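This report describes selected features of one protein structure, shown below with its sequence.

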Amino acid sequence: MSQLYLRIVLIVVGLTFIFGIYPLGVVWPSGWTWGQGHSHYLMMIIGVYATLGVFLLIASRDPHAHSSIIWFTVWSSVVHAAIMAWQSFADPSERGHLIGDVPALFLIAIILTALMKAGSSERVTTAAAAG
């Protein structure tokens, strides 16, 4: 059952990374974009996350076979969110990120970790029952 939930989360996160980052940056810039005024940053980060989103959609077909990209998503989200949190505390003009993209990335990492671990224990249980 956790495999189904993992597949659903991978699809939702993948689609959000592909199609959601830009609208979030436009609608709520203080929580989703960095700096003031025009910045090349937004299009760069959209390109990176859209690419990751495509690979998460591919991984949703068979998460076990694509565990490395899922774990990359977990750990890169933790590192990215931690750096952004630190920078948000250091720069008062960026505090909106503490209720925007910072918790969103931590949440993605937590959910994917829980589902990957649950799926891993399901595979062990199934293998033991079959063996």
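Where is Thr33 found? Thr33 lies in the loop between α3 and α4, helices being DSSP runs (H or I, at least four residues) numbered from the N terminus. The model is predicted: local features need pLDDT of at least 70, side-chain atom pairs count only at pLDDT 80 or more, and totals for chains, interfaces and linings use all residues. Residues are numbered from 1 along each chain as its sequence is written, and side-chain values use heavy atoms, without hydrogens and water.

Two loop residues are set side by side here.

| Residue | Loop | Relative accessible area | Class |
|---|---|---|---|
| Thr33 | between α3 and α4 | 12% | buried |
| Trp28 | between α2 and α3 (29-32) | 31% | partly exposed |

Buried means under 20% relative accessible area, exposed over 50%, and partly exposed in between (1.4 Å probe, protein chains only). Beyond its neighbours within four places in sequence, Thr33 is in contact (heavy atoms within 4.5 Å) with Gly25, Leu42, Glu94 and His97.

Trp28 also belongs to a nonpolar surface patch with Tyr22, Val26, Val27, Met43 and Ile99, about 660 Å² of accessible area together. Helix α2 (residues 21-27) contributes the most to this patch, with three residues. Such patches join nonpolar side chains within 5 Å, from residues with over 30% relative accessible area and no salt bridge, that is, no Lys or Arg side-chain nitrogen within 4 Å of an Asp or Glu carboxyl oxygen. Areas follow the Shrake-Rupley method with a 1.4 Å probe.

The largest nonpolar core (buried nonpolar residues joined through side-chain atoms within 4.5 Å) has 25 residues, of which Leu10, Phe17, Tyr49, Leu105 and Leu112 touch the most other members. Helices α1 (2-19), α4 (41-61), α5 (67-90) and α6 (101-130) each supply at least two residues of this core. Apart from neighbours within four places in sequence, Phe17 has contacts that include Tyr49, Leu52, Leu56, Leu105 and Ile108.

Technical notes
Patches are made of residues with over 30% relative accessible area and no salt bridge: like charges are joined within 9 Å, nonpolar side chains (Val, Leu, Ile, Met, Phe, Trp, Tyr) within 5 Å.
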